[in-house]
Amino acid sequence: MTQATATPAKGYAAHSATSPLEAWDFERRAPRPDDVSIEILYCGVCHSDLHFAQDDWGMASYPVVPGHEIVGRVTAVGDKVANYQVGDMVGVGCMVDSCRQCKACNDGLENYCAEGFVMTYGSPDKHDGTLTQGGYSDSVVVSERFVVRIPDKLDIKSAAPILCAGITTYSPLKHYGVKPGDKVGIIGMGGLGHMGVKLAKALGAEVTLFTRSESKKAEAKKQGADHVVISTNEDEMGAITETFDFMLDTVPVQHDINPYLNALKPDGTHILVGLLEPIDPAISGANLVFRRRVLAGSLIGGMPETQEVLDFCAEKGITCDVEMINIDQINEAWERMQKGDVKYRFVIDMASIKNAG
Ligand SMILES: [Zn+2]
Ligand SMILES: [Zn+2]
């Protein structure tokens, strides 16, 4: 039986766009019949956490506890929970609810819910209107539909980033039909890009990493890339015209997409997962039209596919490269992340929150 009272929680919150994260005591909602209560063990640190908290997207609400790469242990389940038991190792990603009725939701594509999904932090709860709060905290309460199982074979610390970085790259590779032997380019090697390399490789593709920095060449090979192209080198870019079946573009800031379109074969597909703004410089229509190329986009993935990528990573032995931190190092970690100084994801050891002031 679930004890239906709100429970005290400890988190790290931003109280304004300019204030650092600091310890904050708050409450998790009284569990509903379909809710799973989770003790958070680890939480990955995603660029979106920082963008949201610093209000770069103009959608922030405060205080906000960021964090949407959550791994933890089930501590209680509601009466209607069918698939989880106390003690299970589980994960929560970028969403905690949706309308559960539209076509997208019925197809297991809650990420494309017609009403918009409820984000793990900073969204109003559909039932009581309170703001959701994320994983930089010691516990969370989530409807079982938005909980996934962490396979036994996965190392739980490095599994956390699969819940955002992993699914964001896996979903488009699967949806657009990457198959063994395809030539796939991965643009950028941050948290998303390095997972893209590993996942595309595991799907049987021949993988080329595009990066601006010569220094990442050896590192990319170590991650499994077959080839590395320095995107600022005109000779290297000129040598790959009409070579690729797919480009997975993980770069979240403006960059010229035209040279990458020209690196696609006829019918090739360029998939955006990082860039949300109007594209600048503009794309020449000719680069699409003359070779019937496709420009596409993709946003995280639905709940069934989030379970699928976790199982796939367990089966193939894929983990995220992580750097563990304590919660009181989070502000420093955000500064380093902004400079690209992390290989490739920070993960917070949440045991550290018990002693953090
Ligand atoms: Zn994320
Ligand atoms: Zn829906």
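This passage describes the metal sites, aromatic pairs, nonpolar cores and two asparagine environments of a predicted model. Local features rest on pLDDT of at least 70 and side-chain atom pairs on pLDDT 80 or more, whereas totals for chains, interfaces and linings use all residues. Residues are numbered from 1 along each chain as its sequence is written, chains are lettered from A and ligands numbered from 1 in the order in which they are written, and side-chain values use heavy atoms, with hydrogens and water left out.

The zinc ion (ligand 2) is held by four cysteine sulfur atoms, the SG atoms of C99, C102, C105 and C113, at 2.3 to 2.4 Å. Donors are N, O and S atoms within 2.8 Å of the metal (3.2 Å for Na, K and Ca); water is not among the atoms, so sites may look incomplete. The arrangement is tetrahedral because the angles subtended by the four donor atoms run from 103 to 119 degrees, the criterion for four donors being that all angles lie between 85 and 135 degrees. Ideal angles for four tetrahedral donors are 109.5 degrees. The spacing of these donor residues in sequence is C-x2-C-x2-C-x7-C. Of these donors, C102 occupies the loop between β6 (95–97) and α2 (103–106), and C113 the loop between α2 and β7 (118–119), eleven residues apart. Helices (H or I, at least four residues) and strands (E, at least two) are DSSP runs, numbered from the N terminus. Both C102 and C113 are buried; buried denotes under 20% relative accessible area, exposed over 50%, and partly exposed the range in between (1.4 Å probe, protein chains only).

For the zinc ion (ligand 1), the protein donors are C46 (SG), H68 (NE2) and C164 (SG), at 2.0 to 2.2 Å. Their spacing is C-x21-H-x95-C. H68 lies in the loop between α1 (47–53) and β4 (70–77), and C164 in the loop between α3 (156–159) and α4 (165–175), so that 96 residues separate the pair. H68 and C164 are both buried.

N111 is located in the loop between α2 and β7 and is buried, with a relative accessible area of 4%. Its side chain reaches the backbone nitrogen of G302 at 3.2 Å, a polar contact being a pair of N or O atoms within 3.5 Å; within protein, one must be able to donate a hydrogen and the other to accept it, and residues adjacent in sequence count only if both atoms are side-chain atoms. N287, in helix α9 (residues 285–289), is also buried, at 13% relative accessibility. The side chains of N287 and N258 are joined by a polar contact of 2.8 Å.

The largest nonpolar core comprises 94 residues, and Y136, L199, I330 and W334 have the most contacts inside it. Such a core is a set of buried Ala, Val, Leu, Ile, Met, Phe, Trp, Tyr and Cys residues joined through side-chain atoms within 4.5 Å. Strand β3 (residues 35–45) supplies the largest share of this core, seven residues. A second, separate core of 15 residues includes I187, M237, I257 and L264. In soluble globular proteins, nonpolar side chains tend to be buried together.

Terms used:
Four donors count as tetrahedral if all angles lie between 85 and 135 degrees; four count as square planar and six as octahedral if opposite donors are over 155 degrees apart and all others between 65 and 115; anything else is irregular.
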